[in-house]
Amino acid sequence: MGQLFGTDGIRGRANTYPMTCDLAMKTGQAVGILTQTSSNGCVIIGRDTRVSGQMLESALAAGIASVGVDVMIAGIIPTPGVAYLSSTIESCGAGIMISASHNPYYDNGIKIFQKGGIKLSDGQENDLENMILGPPIDLPSKIGTIESADDAQAKYARFLVKKFNFPKRRRKLKLVIDTANGAAGFCAPEIFTADIFDVTFIHNQPNGININEDCGSQHTTDLSEHVKKMNADAGLAFDGDADRLIAVDETGQQITGDALLAILSKFAKQAGKLGNNIVVSTVMSNVGLGNTLAQLGIRHEITGVGDRKVLARMKETGALIGGEDSGHMIFLDEQTTGDGALSALKLIEVMLATEKPLSELAKVMTVYPQVLINVDVDASRPDFMKVPMIADAIQAVESQLGSQGRVLVRYSGTQPLLRVMVEGPEKDLTRQCCEKICAVIRECL
């Protein structure tokens, strides 16, 4: 990981380094040059609903055009929409999404896709970073154009709808969909249409500063209340850029990303559509997922945190399904990146095919109690395992839990946080163990 790029692009507080107009323009120039070296054409730019999005969009577009490359402005669109367009528009040489995903509105980020809708490799990110932080770029006499791609959202919506031929039913499936006041709100009605679903959208009135605020995939309390109040079949929650899905069953119980992965993997295996009989997840996945996949006779591959690492392992092993407990799920025969709407449609497909309520489907996986606490730390990221008191605290908890749990402590790839995750056999014990480690970290760092 370099100076600029984290686990998912460049991210930080908007109008503060590195998320400044100056750096965004230089990033645009570097991405433009990247498309030229691969003999491809324009760059497509999308964004979520953050107030800083248009500012960064303008800076990126100016940088790209200044090196002689054309720009297509997709406007507000989910991250997977940018991935799809950059893989299907012949003239598109790269895609850029302006979003800080599930972070608060005052953060923003730059996610970059190469042609084909794949996020950049570590080597490509290093090359870009060297250009961005290097000397000023010699500008050509040719200047690129900047045009609006007015049909971008509709193209992405049609791509998803065509994949699912849901029959019209006498009783429509009743859904509540939380768009997190983010990018999904503009295209979700075109995907989850009223002729097939009885759907209510909530948190779909973005104002630039309410994205992810007490809503979306990280805050499902309100969604749960709506589901119970309306006697809905399910609730679906996306994050700000709609590459994540977290669900709520008909009783109001949250279904985590790991549980969704288990449901969808079981269905795919039964349908003979589980590539190489492998599912990929990360070290953050619940112990229960591994147990469930073993019981189903599915090989479980574990990789590091981040959808790029999940995708890389999927390609290495030939897996078609992979994901994270956060709700990022990749279906490699359908899409090149995590796609919340696609994941939701896949889940609906299972519900309709099995004619089982979501609460029944979720019983496929026993979820071990898991506690995740974020500890604010210095941005310098000191090696916490070289601090004896912290190392001893972690080892003590691991010994206490034994084979009935596990501990994972890691730095966030996008924020100055140390994430402490503990799983154990019982909720109160798990929380006590997690808080014990966090207390020592706060004392030492």
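A charge sits over a ring if NZ of Lys or CZ of Arg is within 6 Å of the ring centre and within 35 degrees of the ring normal. The model discussed here is predicted: local features need pLDDT of at least 70, side-chain atom pairs count only at pLDDT 80 or more, and totals for chains, interfaces and linings use all residues. Residues are numbered from 1 along each chain as its sequence is written, and side-chain values use heavy atoms, with hydrogens and water left out.

Q: What makes arginine 13 a charge over the ring of tyrosine 106?
A: Arginine 13 lies over the face of tyrosine 106, at 4.2 Å from the ring centre.

Q: Why is the pair of phenylalanine 164 and phenylalanine 166 called stacked?
A: Rings of Phe, Tyr and Trp (its six-membered ring) pair if their centres lie within 6.5 Å; planes under 30 degrees apart count as stacked, over 60 as edge-to-face and the rest as tilted. Here the centres are 5.5 Å apart and the planes at 20 degrees, so the pair is stacked.

Q: What makes the pair of phenylalanine 166 and phenylalanine 197 edge-to-face?
A: Their planes stand at 70 degrees, with 5.9 Å from centre to centre. Both phenylalanine 166 and phenylalanine 197 are buried (under 20% relative accessible area, 1.4 Å probe, protein chains only).

Q: How do you know that glutamate 129 has no salt bridge?
A: A salt bridge is a side-chain nitrogen of Lys or Arg within 4 Å of a carboxyl oxygen of Asp or Glu. For buried glutamate 129, the nearest side chain of opposite charge, arginine 308, is 9.9 Å away, and there is no salt bridge.

Methods:
Buried means under 20% relative accessible area, exposed over 50%, partly exposed in between (1.4 Å probe, protein chains only). Lys and Arg count as positive and Asp and Glu as negative; His and the chain ends are not counted.
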